[in-house]
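Thanks for coming. I will take a few minutes on salt bridges and on the contact between two chains. Please have the viewer open.

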Number of protein chains: 2
Amino acid sequence: MNIDAVRDALSHLDLEKSKAAIRAKSRDFFWYSPVLKDRLDGVEADLVVSPRSEAEVIEVLKACYAHDVPVTTRGAGTGNYGQAMPLAGGCVMHLQHMNAVREVHPGRVIVEPGCLLKDLDAECKAQSGQEIRMFSSTWATATIGGFIAGGSGGVGSVHWGNLRDLGNIIRLRVVTMEAEPRILEFRGEELARVSHAYGTNGIITEIEIPLAPAYDWVELFVTLDDFPSASRFALDLARESGILSKLVSVYEAPTAHSYFPRIQPHVTPGSQLIGLMIAPHSMDGFETFLARRGDAKVIWNSQVGGWDRQPGTVFEYGWNHTTLRALRVDPSITYLQVRYGEADPVEQVERIRARLSPEVLQHLEVLRDAGRPIFAGLSLVKFTTEDRLNEIVEIHESEGAMIFNPHRYTLEEGGRQRVDDRQLAFKREADPKGLLNPGKMISWDQPAWSYDRMYAFDRLRRVAAE
Amino acid sequence: MNIDAVRDALSHLDLEKSKAAIRAKSRDFFWYSPVLKDRLDGVEADLVVSPRSEAEVIEVLKACYAHDVPVTTRGAGTGNYGQAMPLAGGCVMHLQHMNAVREVHPGRVIVEPGCLLKDLDAECKAQSGQEIRMFSSTWATATIGGFIAGGSGGVGSVHWGNLRDLGNIIRLRVVTMEAEPRILEFRGEELARVSHAYGTNGIITEIEIPLAPAYDWVELFVTLDDFPSASRFALDLARESGILSKLVSVYEAPTAHSYFPRIQPHVTPGSQLIGLMIAPHSMDGFETFLARRGDAKVIWNSQVGGWDRQPGTVFEYGWNHTTLRALRVDPSITYLQVRYGEADPVEQVERIRARLSPEVLQHLEVLRDAGRPIFAGLSLVKFTTEDRLNEIVEIHESEGAMIFNPHRYTLEEGGRQRVDDRQLAFKREADPKGLLNPGKMISWDQPAWSYDRMYAFDRLRRVAAE
């Protein structure tokens, strides 16, 4: 790899000059995981470039292809699976300048990948009273391209399901990593080639996604005294087809008291907490639902206010902001991503609580899966050793829960632990030299990998901090 | 009852003068049922009045209360359970003049009860790009008040569930039948007192309901060769959380060929038909879903057209328009309303088909119930005798299906065959003389009724046609 040649070829573009900025822009939020922190700390790019257009993206890809330089593409780098970490060094391509909202139509928007989720929502709302169907809890800082390439769902999934579900992405425009990069337009089945592929097999330069109506969502915190009542409350609420919700989160005690300082004055260590976003015109229905559960108490309602120190937006307690908040208080906390898909997921969670609480504290997000509400878990784990973490994973699997392991940096290990043939086949076609985000697709590097232990990329390059 | 005194007292209002019009306005679509046709043909009001305002509604109620005249309130009279039939004669109060759309807000509308569903949708769309969440297939002719007082769901229920589900009605303004009628505002649990109560315990004078975004829904007909594949297709499509649909109907062969003349040239007698309304921005997702089912063929797409004689709107083949279309071809056809709620409703339907097809032809509507898609059946039944019809009901019940019997004219028999204590308690309070829509609430007339046979109202009054 000839870094200098690439640097020269791209000198007319926005190249990061500061060493500190290059280091910063080589990192994502991988450090939520002590395992990834151990493996990936010190990973650093040789150069960071921020193209302003698809034409400049093609210039970057051509130069790097010619000189065998790896390219790791990123948005804001808010992912937690090391999605945006340039494991083999080389070039980090930052898409922050490609942030235009191109067209807003009834039910859909066309946008460049570097647009922040919050800016995209603001533009859609201003132009048409619409908003995107779902977003990660990093809405304020993350990009839509990063969400599509590295995310799986989030706030809004309680209504619209997983990001990968049919209909939640309409079209992706993709540039290949070849001597002469091609521009492709993917729809339908083709979308699965590059969505949630961490930029390993093509660079997304334009996104078309569906929109939903924008409402002034009412944000609520509700407490209950015991956990199964709280999880049942959340599931039953999501089963109310006439009550439109955007977020239904459950936090096992003492999460609220221990890790949410703004909420602490309003709860006890035993308080089970539920976070909600409800459409304003569904609040009557919600109040009726609530009144049927005598033990549930609303402690925060954004329409009412009344706290000396306001909690901020409720979704910034949910999804992976929960882990972030817990980490700030207790650096030994990490997490797992779990899916509880049994017919009665409340019971399934209780079985795991019986074996693991409080070493593992439940944090549940209700999402719609195959047409019905289930629980995704982003459980808080008190980390001791990697062996114990692996045991905890096995305990979950023995209870029928599926783990998307956030202590692994490959697509396969962070996913369903199997090769995605569509992604692999497209990488063969679109990235023949294997330069895009190297080390993230096991099936490319080691097709016979057996998944019996954590994968270790053999070209991993770490630089000591200065 | 002193009809003449009421007629005099209300002479300044819009009173129907024509005998033929009084007869016409005393009838609803009860004649879909040969059983109800036998019992209710000849039922006729003594007078028909159409108040222009809530104040005039109160005048009507006061006059009728003073002179012990029953009042049966109606919208367009498109119901099929005899909801609007004045069993004891007296006064029919028609709310056609009270049709103002009062306020349209983000997510909700305030409207008078006599507004036609299509006019309400047109106004909401024109003012705000919104539409009502659900409507009956009689959208073009039926009123919102009639839908709330006599309906249970319809086009849109595949997404939003049943009309009675929390959140699908926000507020109802209700006038009582007393010497001095009171005006009440109902929300939350109170809504169940008067929604789907056929106007037996109060008169709805204003309605607040939630809205959804209005889209230019794509209308489709799809055919498959065997019925379980068709019902599975429909259920699986509704389970796709990212594909926004408004109607998913299934029609067992040879319904399409035998009873839908506009569709007949495009199908065979063996064609299983599916009718769909899909959001335009979900069409890519739908096409992807479709391509996974090699045997499913789109025969009509409203965006494409291409038939010499267009089929009209697809929802006018669904819900109870199916029965209407079949009746026009074969007057011996009637129907049943069924709910298939098992975990695998496809299998449940197959068990019933094995015992009853083709005497009973399946017509399924997918609706969301307790958060998951299930089947409502509006099955086409080849009528022979009442005894056989009762046997068919029993066969359904023995297979775990719930029947909402449309061959009965009481709330209880057409519902869950039990007393609704909330409705009864409110009738005691709001209609102490029992003058509102008499004969429709068994628990009022005969609290000890055992439901061992069809209820027969003892004051039923029928008039021979002239």
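Let me start with one residue: is A:R171 buried or exposed? This is a predicted model, and in it A:R171 has 8% relative accessibility, so A:R171 counts as buried. The cut-off for buried is under 20%.

A:R171 has a salt bridge to A:E185, where the closest N and O atoms are 2.5 Å apart. That pair links distant parts of the chain: A:R171 belongs to strand β7 (residues 171-175) of chain A, A:E185 to strand β8 (residues 183-187) of chain A, with their positions 14 residues apart. A:E185 is at 37% relative accessibility and therefore counts as partly exposed.

A:R171 also forms a salt bridge with A:E206, and here the closest N and O atoms are 2.8 Å apart. Because A:E206 sits in strand β9 of chain A and A:R171 in strand β7 of chain A, this pair ties together parts 35 residues apart in sequence. Both A:E206 and A:R171 are buried.

These residues belong to a network of salt bridges, whose members include A:R171, A:E185, A:E206, A:E54, A:R102 and A:R108. Over all chains, the count is 84 salt bridges.

Now one example from chain B. B:E429 and B:R182 form a salt bridge, with the closest N and O atoms 3.9 Å apart. B:E429 is in helix α16 (residues 421-430) of chain B and B:R182 in the loop between β7 (171-175) and β8 (183-186) of chain B, so the pair ties together parts 247 residues apart in sequence. B:E429 counts as partly exposed at 38% relative accessibility, and B:R182 is partly exposed at 30%.

On to the interface. How many residues of chain A are in contact with chain B? There are 37, and they meet 37 residues of chain B. The buried area between the two chains is about 3000 Å², with carbon and sulfur atoms giving 52% of it. On the chain A side, A:L166, A:S241 and A:H281 lose the most area to chain B, together 23% of what that side buries.

Four salt bridges are counted between chain A and chain B. The side chains of A:E189 and B:R292 meet in a salt bridge at 2.5 Å, N to O. Nine residue pairs are in polar contact across this interface. The elements giving two or more residues to the chain A side are α7 (157-160), β9 (203-213), α11 (283-291) and β17 (372-382). Of these, α11(A) gives the largest share, four residues. By class, that side has 13 nonpolar, 13 polar and 11 charged residues.

Note on methods. Residues numbered from 1 in each chain as written. Chains lettered and ligands numbered in written order. Predicted model: local features only at pLDDT ≥ 70, side-chain atom pairs only at ≥ 80, totals over all residues. Heavy atoms only, no water. Contact = heavy atoms within 4.5 Å. Buried area = accessible area lost by both parts, 1.4 Å probe. Polar contact = N/O pair within 3.5 Å; in protein donor to acceptor, adjacent residues only side chain to side chain. Nonpolar A, V, L, I, M, F, W, Y, C, P; charged D, E, K, R; others polar. Buried < 20%, exposed > 50% of the residue type's maximum accessible area, 1.4 Å probe, protein only.
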